[in-house]
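Grab a coffee and work through these exercises with the structure open beside you. Each one has a task and then a solution in steps.

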Amino acid sequence: MSSLLQIRSQRRLSLLIFIVFVFKGLFVTGAVQRTLEEARLERQRLVQKYIKTLNKEEGAIRLVGGETGYEGNIEVLHNNKWGAICDDEWDELEGRVVCRQLGYPGLKRVTHDGYFGLARRRFWMDNMYCEGNEQELTDCHFEGWGTNDCEANEAAGVVCERPGTERTTKAPLLPQLPKFTLPHAYRIDLRLRGGRRANEGRVEVRIDNGRWGTICSDGWSLLEANVVCRQLVLGFARDALQTDYFGGLDMAPAVLSGTECYGNETTLAQCLHHDHLRPPAECHGERNHVAVVVCDHLAPDLVVDFFELERTAHLEDRPMALMQCAMEENCVANEAYDIQRDDPNWRYVTRRLLKFTASTLNAGNTDFRPFKEKHLWEWHMCHMHFHSMEVFATFDVYDLLGSKVAQGHKASFCLEDNQCLSGVPKKYNCANFGDQGISVNCSDIYLYNLDCQWVDISELDTGSYILKISVNPEFKVAEMSFDNNAAVCNLLYTDTYARVDGCRLARP
Ligand SMILES: *[C@@H]1O[C@H](CO)[C@@H](O)[C@H](O)[C@H]1NC(C)=O
Ligand SMILES: *[C@@H]1O[C@H](CO)[C@@H](O)[C@H](O)[C@H]1NC(C)=O
Ligand SMILES: [Ca+2]
């Protein structure tokens, strides 16, 4: 009982953060400059992978019985239970999907006949058939859950490429066509069609007085949609959809594909597209789906308060005995789990944590609301809290060459008004399944003394690093701008202290 009261009184104990294990070096170093889009996709895949595993979501997969994390027999989650996969018809096409789903750079080889041990659980899948480009194993064809004629020694496995090996070893998923801005000399017209109101609809483009056409929906995101809304003087994008709800390709064929904006362009012509003379050069989206926007003059705008970050950052050595909840929530580095497994005195081993307060202001003109509807929030036992967003914030440490060296920390938070400018009433409150959000001119604050509000840097050598804190990192919730959603700071880590300074606002 007393612990419950304590929880009520500690304002944000209810916080929940996931640490996602991002393997050292998986993000390839300096030499290879990747496009924003690639980085975004990679990050999204990793996050999805871990969220699925941690949330025990249908279709999550894991490797068991291997010596390293990137090899083993495969287990898949169905109906909340893990099950093995039978090796009948198991070959490279299936193996590739597994390694990709797990976020590894590629497949080294597939294994048969229980190479990594007997199947420890029932077989969930048999006679797998993948085409090779599926995002998840469950997208492949198989006999049906549990239908199999397999013995325990028929477990299917994989050895994936070691994380950190060069991406060049991996054949690109899709051929990358070159992209260009549209020529200045052209006249580019833009309109929305098929919507219920003037502020929504499929995006139609006319290039140099040609025919009106739609935009291929591949990669269509809030970044591109924001540019369309800006150009049409309709404000900001509230939604970016890939749909035929407002009429699809049958209403107007696509004239642009590969559209990719940074987000600060004033017209769609400044964004990158496939060669417009061969439209649509390439479109993989769902049949008949086109790019759609919903614009709005109201939008939230989260801004990271880096002064608070610089002021509060400090080190703490914390015994693992006090981190059991945090370990359950995966708020520690991978190595901590090895210690727990191998060292009988693990409770007395300490982890070194870089702690800081993260404060986020909503400087927009409407409330910031969580991505998930209230009925989809998940109860989290350890911190006794509901998750309202899969990932609200990430905390990453990079070395000076740009490689991520401390586990990327993904956070699933409770959002509320902790502090508002004078005269602004607090509205959102996490307690008692209250509504979550951040009001205009209010800040959501995660104090440094909260569980999981840290980066576990135990394995890091002392030296100079870059600390990056990002909110709404996947651009899942619409905002006026994403260029102020991250703070990038210098981190000096010595034997006795840590200092964070020189922060600037950036893009996640
Ligand atoms: C958008 O921002 C990027 C990165 O800051 C910059 O390189 C680019 O020139 C900007 N583009 C426009 C159209 O302002
Ligand atoms: C938020 O604060 C800004 C700057 O102080 C002010 O201009 C604006 O009117 C405020 N908005 C609301 C809704 O309180
Ligand atoms: Ca923002």
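**Exercise 1. Ligand 1**

Which residues surround ligand 1, and how do they divide into nonpolar, polar and charged?

Solution. Start with the split: the shell around ligand 1 has 1 nonpolar, 2 polar and 1 charged residue. Now put names to it. The residues around this ligand are Tyr-262, Asn-264, Glu-265 and Gln-270. Sorting them, Tyr counts as nonpolar, Glu as charged, and Asn and Gln fall under polar. Keep in mind that you're looking at a predicted model.

**Exercise 2. Ligand 2**

Do the same for ligand 2: what surrounds it, and how do those residues divide?

Solution. Look around ligand 2 and you'll find Leu-421, Val-424, Val-440 and Asn-441. The shell divides into 3 nonpolar and 1 polar residue, with no charged ones.

**Exercise 3. Where to trust the model**

Work out which stretches of the chain have pLDDT under 50, and which elements have the lowest and highest mean pLDDT.

Solution. Begin with the whole chain: its mean pLDDT is 82, and 80% of the residues reach 70 or more. Next, go down to the elements. Strand E1 (residues 17-19) has the lowest mean, 29, whereas strand E26 (residues 486-493) has the highest, 97. Then look for the weak stretches. Residues 1-34 stay under 50, and the model gives them 84 contacts beyond four places in sequence. Residues 166-173 also stay under 50, with 10 such contacts. How should you treat those contacts? Where pLDDT is low, the predicted coordinates should not be read in detail.

**Exercise 4. The chain in numbers**

How many helices and strands are there, and what percentage of the residues is buried?

Solution. Count the elements: the chain has 7 helices and 27 strands. For burial, 45% of the 508 residues qualify. One more step tells you about the contacts: of those between residues at least 6 apart in sequence, 72% join residues at least 24 apart.

**Exercise 5. Helix H4**

Is helix H4 mostly covered or mostly open, and what lies over its buried residues?

Solution. Step one is the count: 8 of the 10 residues of H4 (residues 222-231) are buried, so this helix is mostly covered. Step two is naming them: Leu-222, Leu-223, Glu-224, Ala-225, Asn-226, Val-227, Val-228 and Cys-229. Step three is the cover, which includes strands E8 (188-194), E9 (200-207), E11 (236-243) and E13 (290-296). Finally, check what comes after the helix: Val-233 follows H4 and has a positive phi, near 55 degrees.

**Exercise 6. Two cores**

Find the largest nonpolar core: which of its residues have the most contacts inside it, and which element gives the most to it?

Solution. The largest nonpolar core has 50 residues, and Leu-309, Ile-469, Ala-487 and Cys-489 have the most contacts inside it. E26 gives the most to this core, with 6 residues. Apart from this core lies another one of 35 residues, among them Val-228, Leu-256, Cys-283 and Val-294. To see how one core residue is packed, take Ala-487: leaving out residues up to four places away in sequence, Ala-487 touches Val-304, Phe-306, Leu-309, Ile-469, Cys-503 and Leu-505. As a general background, in soluble globular proteins nonpolar side chains tend to be buried together.

**Exercise 7. Positive phi in a loop**

Are Asp-208 and Asn-209 buried or exposed, and what are their phi values?

Solution. First, place them: Asp-208 is in the loop between E9 and strand E10 (212-215), and Asn-209 lies in the loop between E9 and E10 too. Second, read phi: near 50 degrees for Asp-208 and about 60 degrees for Asn-209. Most residues other than glycine have a negative phi. Third, burial: Asp-208 counts as exposed because it has 12 C-beta neighbours inside 10 Å, and Asn-209 is exposed, with 8 other C-beta atoms within 10 Å.

**Exercise 8. An open sheet**

In the open sheet of 4 strands, which strands stand at the edges, and what is the bridge partner of Thr-360?

Solution. Write down the order, E14-E17-E23-E22, with antiparallel pairing. Strands E14 (302-304) and E22 (419-420) stand at the edges; each has a single partner strand, so one side of each is left without a neighbour in the sheet. Moving inward, 4 bridges join E17 (residues 358-362) to E23 (residues 442-446), and these run antiparallel. The partner of Thr-360 is Asp-444 in E23.

Terms used:
Residues numbered from 1 in each chain as written. Chains lettered and ligands numbered in written order. Near = placed C-beta within 6 Å. pLDDT = per-residue confidence, 0-100. Helix = DSSP H or I, 4+ residues; strand = E, 2+ residues; numbered from the N terminus. Contact = placed C-beta atoms within 7 Å. Buried ≥ 20, exposed ≤ 12 C-beta atoms within 10 Å, placed from the backbone. Core = buried A, V, L, I, M, F, W, Y, C linked by C-beta atoms within 7 Å. Pairing = 2+ DSSP bridges.
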